[in-house]
Amino acid sequence: MAIDVKDYLKPHVSLSMAERLNLVRRRFADESHIVVDQEAFKKDADHAVLFICPAQVFKLNEKAGTCIINFEDCLECGSCQVARRYTTWRNPKGGYGVTYRFG
Ligand code: SF4
């Protein structure tokens with residue numbers, strides 16, 4: 001579904017996460033710019049990193065107990081880097097990453 005920018009600014013419009021992410025232009029690199037220390041993640045009973053990211057980049061692999069990193073959805077907000085529980089974040093390599101339409 002194509003979303004008009006003016007619709008996004010209307011207060012009554014509710015957008016899914018996928019629709020919100022589609023408002024940001026992203027060019028995906030072939031390798032992740034985010035690394036999670038999986039052993040530290042497994043030891044963290046709260047799995048705090050799952051709740052830090054506004055783009056829901058981090059997901060729990062319930063079967064393996066590991067953290068799945070959907071780095072393609074990263075908005076480069078820096079929240080996981082500030083929290084730094086067991087994530088290492090660096091800028092995507094040159095030419096890749098996000099481009100915001102609204103500043
Ligand atoms: S920089 Fe922001 S959007 Fe990207 S993974 Fe970290 S918390 Fe999520």
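Mentor: Before we start, one cut-off: a residue is exposed if 12 or fewer other C-beta atoms lie within 10 Å of its own, buried if there are 20 or more, and partly exposed in between. Keep in mind that this is a predicted model.

Trainee: Okay, is Ala 64 buried or exposed?

Mentor: Start with its place, which is the loop between strand 3 and strand 4. Ala 64 has 10 C-beta neighbours inside 10 Å, and the limit is 12 or fewer. Therefore Ala 64 counts as exposed.

Trainee: And how far is Ala 64 from Lys 42, C-alpha to C-alpha?

Mentor: Along the chain these two are 22 residues apart. In space, the separation of their C-alpha atoms is 9.4 Å.

Trainee: Let's stay with that loop. Which residue in the turn between strand 3 and strand 4 has a positive phi?

Mentor: The two strands pair in the antiparallel sense, over four bridges. They form a hairpin with four residues between them. The turn residue with a phi of about 75 degrees is Gly 65.

Trainee: Within that pairing, what is the bridge partner of Phe 58?

Mentor: Strand 3 covers residues 58-61, so Phe 58 belongs to it by the DSSP runs used here. Its partner sits in strand 4. That partner is Ile 69.

Trainee: Which strands each supply at least two residues of the largest nonpolar core?

Mentor: That core has twelve residues in all, including Phe 58, Ile 69, Ile 34, Val 36 and Cys 67. Two strands each give at least two of the core residues: strand 2 (34-36) and strand 4 (66-69).

Trainee: Cys 74 is in that core too. Leaving aside neighbours within four places in sequence, what is Cys 74 in contact with?

Mentor: Two of its partners, Ile 34 and Val 57, are listed in the core as well. The full set of contacts is Ile 34, Ala 55 and Val 57.

Trainee: How many residues surround the ligand, and which are the closest?

Mentor: By class, the shell has eleven nonpolar, two polar and one charged residues. The shell holds 14 residues, and the closest are Cys 53, Cys 74, Cys 77, Ser 79 and Cys 80.

Trainee: Now the odd backbone angles. What is phi of His 47?

Mentor: Most residues other than glycine have a negative phi. His 47 lies in the loop between helix 3 (38-43) and helix 4 (49-52). It is partly exposed, because 14 other C-beta atoms lie within 10 Å. Its phi is positive, near 50 degrees.

Trainee: And what is phi of Gln 56?

Mentor: Gln 56 is in the loop between helix 4 and strand 3. With 13 C-beta neighbours inside 10 Å, it counts as partly exposed. Gln 56 also has a positive phi, near 55 degrees.

Trainee: How far apart in space are Asn 22 and Asp 73, C-alpha to C-alpha?

Mentor: Asn 22 is in the loop between helix 2 (17-21) and strand 1 (25-27), and is partly exposed, with 14 other C-beta atoms within 10 Å. Asp 73 is 51 residues away in sequence. The C-alpha distance is 9.5 Å.

Trainee: Last one: in what order do the elements of the chain run?

Mentor: The chain has five helices and six strands. From the N terminus on, the order is α-α-β-β-α-α-β-β-α-β-β.

Methods. Residues numbered from 1 in each chain as written. Predicted model: local features only at pLDDT ≥ 70, side-chain atom pairs only at ≥ 80, totals over all residues. Core = buried A, V, L, I, M, F, W, Y, C linked by C-beta atoms within 7 Å. Contact = placed C-beta atoms within 7 Å. Near = placed C-beta within 6 Å. Nonpolar A, V, L, I, M, F, W, Y, C, P; charged D, E, K, R; others polar. Pairing = 2+ DSSP bridges.
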